[in-house]
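Me: I have a model open and want to learn how to read its features. Can you take me through a few of them?

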Amino acid sequence: MQDFASAGPGDDLAALIDHTILKPEASRADVARHCDEAVANGFASVCVNGVHVAFVAERLCGTPVKTCAVLGFPLGAGGAGAKAAEAAWLVGEGAEELDMVLDIGALREGDLDRVRADIAAVREASKGRVLKVILETCLLNEAQITAACRIAAEAGADFVKTSTGFSTGGASVEVVELMRRTVGPDVGVKASGGIRTAETARAMVAAGANRIGASASVAIVGAAKESASGGY
């Protein structure tokens, strides 16, 4: 598990960033550029839809940058069996990290056993790969966020994650703080959705996030370096 220490103004954010390209119109050239940017900047991973996983795994081979894939994305409504099958396929394609969307409807209606079974099925099928559980917190109240964090941790998730970036809202400092309080120091917290500046990324890390999902990663890191060098 990574160090959970908060990043200060001069700290390097790059190693915390999952460089993300999930837009449906993304081309192979777009994905290749993201891979090259991730290697050049020292990002944690490149996060893509399943169709690009084998390509990303091959392009990143021999580098420290991980191949990350979304799963059950972006609705989380495909059912546990379908998600488990997708997880197994993604691992076979070369995914080293999996970001799954939990069963949001089940969580909202209080069917916590279904939520637990959904995550557990993916955990088993993921064969030890890093598993991040996306809560889509903009659709949940505080009690539901807390319950989801606890269930994810109990089911063996490595991270809980705020958002897909495809719903009505993204990460907030308050939600990241709540997630960190709930899971404690031994489970990761990934903040994603709407993080476009170094200032916002640092605020999320200070609130307890130890992974950041962003598509504006290069701009974030560039601004952080300029700020650290006294550029502004």
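Reply: We will look at cysteines, one strand residue and a pocket. Keep in mind that this is a predicted model.

Me: How many disulfides are there?

Reply: The test is distance: a disulfide needs two cysteine sulfur atoms within 2.5 Å. Here the count is zero.

Me: Why does Cys47 not form a bond?

Reply: Its closest cysteine sulfur belongs to Cys68 and sits 3.5 Å away, which is too far for a bond.

Me: And which cysteine sulfur is closest to that of Cys61?

Reply: That of Cys35, at 12 Å, so a bond is ruled out by distance.

Me: Are Cys47 and Cys61 buried or exposed?

Reply: Under 20% relative accessible area means buried, over 50% exposed. Cys47 has 1%, so Cys47 is buried. Cys61 has 64%, so Cys61 is exposed.

Me: Where does Thr67 lie, and what does Thr67 touch?

Reply: Thr67 belongs to strand 3, residues 66–71. Thr67 is buried, at 1% relative accessibility. Leaving out residues up to four places away in sequence, its contacts include Val46, Val53, Val56, Ala57 and Leu60. Gly94, Ala95, Glu96 and Glu97 are also touched by Thr67.

Me: How do I read a pocket?

Reply: A probe the size of a water molecule, rolled over the atoms, reveals where space is left empty. The largest pocket here has a volume of about 430 Å³.

Me: What lines the largest pocket?

Reply: Its lining has 24 residues; Thr20, Thr164, Gly165, Gly193 and Ser215 lie nearest the centre. Strand 1, helix 1, strand 7 and strand 8 each contribute at least two lining residues. By class, 13 are polar, six nonpolar and five charged.

How values were computed. Residues numbered from 1 in each chain as written. Predicted model: local features only at pLDDT ≥ 70, side-chain atom pairs only at ≥ 80, totals over all residues. Heavy atoms only, no water. Buried < 20%, exposed > 50% of the residue type's maximum accessible area, 1.4 Å probe, protein only. Helix = DSSP H or I, 4+ residues; strand = E, 2+ residues; numbered from the N terminus. Contact = heavy atoms within 4.5 Å. 1 Å grid on protein atoms, 1.4 Å probe; cavity = no way out; pocket = protein on both sides within 12 Å on 5 of 7 lines; lining within 4 Å. Points joined across faces, edges and corners; volume = space filled by probe spheres on them. Nonpolar A, V, L, I, M, F, W, Y, C, P; charged D, E, K, R; others polar.
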